[in-house]
Amino acid sequence: MNKKPLILGIESSCDETAASIVTENKHGMPIILSNIVSSQTDVHKEFGGVVPELAARSHIEKIDLITKKALNESKIKIENIDAVAATAGPGLIVCLSVGLSFGKAIASSLNKPFIAVNHLEGHALSPKLNAKLNYPYLLLLISGGHTQFLSVNELGKYKRLGTTIDDAVGEAFDKTAKMLGIEFPGGPKIELYAKKGNPNKYELPKPIFNKGGCNLSFAGLKTAVLRIVKKIKTDQEKYDLAASFQKTVEEILYKKTKIAFNEFKKINGDKNNTFVVAGGVAANKKIRQTLTKLCEEENFNAIFPPIDLCGDNAAMIAMVGMQKFKLNQFSELDHPAKPRWPLDVDAAFLKGAGIKL
Ligand code: KG4
Ligand code: ZN
């Protein structure tokens, strides 16, 4: 192939409307020509969380404009696009449907291939946007909806080693923020509050810390925060609680990642020691530091996406689209939106009562 492919990526799985154009250099490294992300913070602020119908309406209003912006910024004419990749799941079905239908319509009108992309695969491979990364590697995916350890064996081939049995870590950050009266989306602000507080002020629980392998649990942590919040009076106490929460999450991730390293080595041998952290929570600097320190101790190579590519974006979707394009892995135009679409389809569903760990 002489001409390098130009891929349009579209993302609308939750509350970010995003479009991006990605190509690659002669060494096969992705080049982001444009990456436009429009967040809906103002739309959901007064409700304290994402309201699916409002999110979908906002996607409908903006997707055309955001895609035009991505094309303008990249200086690429739409007719020169080689394929359109859009997130097909997992996510909010009313939101997914907007970007998916829009992507299919563009592909169909240009008579170019359409590629359905798993949003989690976008996060999983996101460090490839700026670093050379060989398979297999261990992935810790920490976002608003997912917390999982996966062995990433190749494009489309994942083995889940551990997962949360209840809340995702991003969800725990957001709910703690809400309880502290921080405006949505509060997760990133917990990190700022934590800087001003005493991390040893409150003792918070670490559910399934000493059992369940590298599975994780955060629901008990949230309940404990709720109990303490009711007694809190001053701003300093809020900062102390945020700091105690941040520290507890770091301790849980440190311990569970250490276990995951061993599980990963059992499958892939001692020579594969690359550890990738991706998803919105990977933007948390203290978590990055804690996991980098663990990697130094355990002789793993830590890789994080740049902060601006940790959260939802379409560059990661276009990049996965590019990889699939090169393998001729195209999708039909009737590809459904999938609210649930695990990376490891063989892994047991581990949520709800009665789980045996
Ligand atoms: O990957 P993402 O943008 O969307 C999902 O696919 O879920 O992740 C969003 C999550 C939210 O829960 C948000 O609060 C959390 O990532 N987050 C953070 C930080 N930045 C984003 N959590 C902790 N510290 C941060 N700095
Ligand atoms: Zn995401």
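The following exchange concerns the interface between the two assigned domains of a predicted model.

Reader: How do you know which residues belong to domain 1 and which to domain 2?

Author: The bounds come from an automatic or database domain assignment, and for this protein that assignment gives 7-126 together with 309-326 as domain 1, and 135-304 as domain 2. The centres of domain 1 and domain 2, taken over C-alpha atoms, are separated by 27 Å, and the contact takes 20 residues from domain 1 and 20 residues from domain 2.

Reader: Why is the pair E183 and K45 called a salt bridge?

Author: The rule asks for a side-chain nitrogen of Lys or Arg within 4 Å of a carboxyl oxygen of Asp or Glu; the closest N and O atoms of E183 and K45 are 4.0 Å apart, and the pair is therefore counted as a salt bridge. Across the interface of domain 1 and domain 2 the rule finds one salt bridge, while the count of residue pairs in polar contact between these domains is four.

Reader: What makes up the side of domain 1 that touches domain 2, by class?

Author: That side has eight nonpolar, eight polar and four charged residues, and α4 (119-125) gives the most to it, with five residues.

Reader: How much area do domain 1 and domain 2 bury between them, and what share of it lies on carbon and sulfur atoms?

Author: The buried area is about 1,400 Å², with 68% of it on carbon and sulfur atoms. Of the area that domain 1 buries against domain 2, L120, A124 and C310 supply 34%, more than any other three residues.

Technical notes: Residues numbered from 1 in each chain as written. Chains lettered and ligands numbered in written order. Predicted model: local features only at pLDDT ≥ 70, side-chain atom pairs only at ≥ 80, totals over all residues. Heavy atoms only, no water. Contact = heavy atoms within 4.5 Å. Buried area = accessible area lost by both parts, 1.4 Å probe. Polar contact = N/O pair within 3.5 Å; in protein donor to acceptor, adjacent residues only side chain to side chain. Helix = DSSP H or I, 4+ residues; strand = E, 2+ residues; numbered from the N terminus. Nonpolar A, V, L, I, M, F, W, Y, C, P; charged D, E, K, R; others polar.
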